Amino acid sequence: MSTVRSLGRVAASAVRGGGSAVAGAVGFGSKALSSAIDATGRAVVEGTTPNQDPATHYDPGLAARGAVKTARVATKGLRVAAKGVGYAAEGVYSVGGRTLAPLLPTALTQSPVVGAVAEVGTAAAASAIEVYEATADAAADTADATSVAVGRVVGHKYGPAAGALAEDAIGITVDAAEIGREVGRLKLVHAAPRLARHALTAAVDSSAAHEHASSSRAAPAVPPSDQPLPLGESTATKDSAATLTETALTPPLVAAARAQQSLTTPAS
């Protein structure tokens, strides 16, 4: 493996680690913020006297409460379905990217510099998407916690019906935003960069595997004549063995001709 490609791999690993760390920090922060919002709502409710005067309670009416509750149930279901669509879209982009990977320029496999840059670029893109998704999830979690806290406080001051209405109304807004985000994955403006990221990742992985296989090929075997002799065996012994083997393998007619020639040749 070339030095440039090794440096690119180290840099890509650092970028991925940084992206994961940022995404983790965002997720941890959102959980802390959601807990703080919930605690604040509880503190307001527990620290103040509830309004128990029915005349000051707000009641939007049975029909309005039913309509808002039905809408909230529907948006919750659509939100879950949209998340499933988003996951399915990511799977399609992954398969599509791997299909497009062989069509990318061969410079990814031939040029260590281009390959290293592509690897760092794909790591940066993956980290950016990871941080974006973590931020969007954090915003949704915070909004959910806010809707519950607001509903609790409003219900404490203006009655249970008003509290439920406020919580459902805010929840519908949050659900609609999440549905739009998940369905937005199907748009070309979101699909194109994800396809490109998966394609580059597949091409870089293929290039790295090819380079690793080329560098790990076994060295050619040492010719028998160059192999070291066993302990206690000399070159003369090896040559004598070779001569005996050649004599044993000589055809009988050739051996007889050599013997006759030696008898007819006058001694010097």
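User: Why is alanine 124 called partly exposed?

Analyst: Alanine 124 has a relative accessible area of 36%. Buried means under 20%, exposed over 50%, and partly exposed in between, with a 1.4 Å probe and protein chains only. The value of 36% falls in between, so alanine 124 is partly exposed. This is a predicted model, in which local features need pLDDT of at least 70 and side-chain atom pairs count only at pLDDT 80 or more, while totals for chains, interfaces and linings use all residues. Residues are numbered from 1 along each chain as its sequence is written, and side-chain values use heavy atoms, with hydrogens and water left out.

User: Where is alanine 124 found, and what separates its C-alpha atom from that of alanine 11?

Analyst: Alanine 124 is found in helix H4. Its C-alpha atom is separated by 9.9 Å from that of alanine 11, and the two residues are 113 residues apart along the chain.

User: How many helices and strands does the chain have, and what makes a run count as one?

Analyst: There are 8 helices and 0 strands. Both are DSSP runs numbered from the N terminus: a helix is H or I over at least four residues, a strand E over at least two. The pattern along the sequence is therefore written α-α-α-α-α-α-α-α.

User: How do you know that the length of H2 agrees with its number of residues?

Analyst: The expected span of a helix is 1.5 Å times one less than its number of residues. For the 39 residues of H2 the expected span is 57 Å, and the end C-alpha atoms are 56 Å apart, which agrees. H1, with 45 residues, reaches 65 Å from its first C-alpha to its last, close to the 66 Å expected.

User: Why is arginine 79 called buried?

Analyst: Its relative accessibility is 16%, so arginine 79 counts as buried under the 20% limit. Arginine 79 sits in helix H2, residues 62-100. Other buried residues of H2 include Val68, Thr75, Ala82 and Tyr93. In H1 the buried residues include Arg5, Gly8, Ala12 and Ile37.

User: Which residues does arginine 79 touch, not counting those up to four places away in sequence?

Analyst: Arginine 79 touches Ala140, Asp144, Val174, Asp175, Glu178 and Ile179. A contact means heavy atoms within 4.5 Å.

User: What makes the pair of arginine 79 and aspartate 144 a salt bridge?

Analyst: A salt bridge is a side-chain nitrogen of Lys or Arg within 4 Å of a carboxyl oxygen of Asp or Glu. The N to O distance here is 3.1 Å, so the pair qualifies. Arginine 79 lies in helix H2 and aspartate 144 in helix H4, so the pair ties together parts that are 65 residues apart in sequence. Aspartate 144, at 21% relative accessibility, counts as partly exposed.

User: Which residues are linked with these two in a network of salt bridges?

Analyst: The network links Lys69, Arg72, Arg79, Asp144, Asp168 and Asp175. The whole structure has 12 salt bridges.

User: How do you know that arginine 152 and aspartate 38 form a salt bridge?

Analyst: Their closest N and O atoms are 3.4 Å apart, so the pair meets the cut-off. Arginine 152 lies in helix H4 (residues 112-158) and aspartate 38 in helix H1 (residues 3-47), so parts 114 residues apart in sequence are tied together. Arginine 152 is partly exposed at 23%, and aspartate 38 is partly exposed at 27%.

User: What makes glutamate 133 and arginine 181 a salt bridge, and are the two residues buried or exposed?

Analyst: The closest N and O atoms of glutamate 133 and arginine 181 are 2.8 Å apart, so they form a salt bridge. The pair links glutamate 133 in helix H4 with arginine 181 in helix H5 (residues 160-183), 48 residues apart. Glutamate 133 has a relative accessible area of 14% and is buried; arginine 181, at 13%, also counts as buried.

User: What share of the chain counts as buried, and what area does the chain expose?

Analyst: Of the 268 residues, 25% count as buried. The chain exposes about 16600 Å², with carbon and sulfur atoms supplying 69% of it; such areas come from the Shrake-Rupley method with a 1.4 Å probe, and for residues only the protein chains shown count as cover.

User: What is the average pLDDT of the chain, and where does pLDDT stay under 50?

Analyst: pLDDT is the predictor's confidence in each residue, from 0 to 100. The chain averages 76, and 71% of the residues score at least 70. Over residues 232-250 pLDDT stays under 50, and the model has 7 contacts beyond four places in sequence for them.
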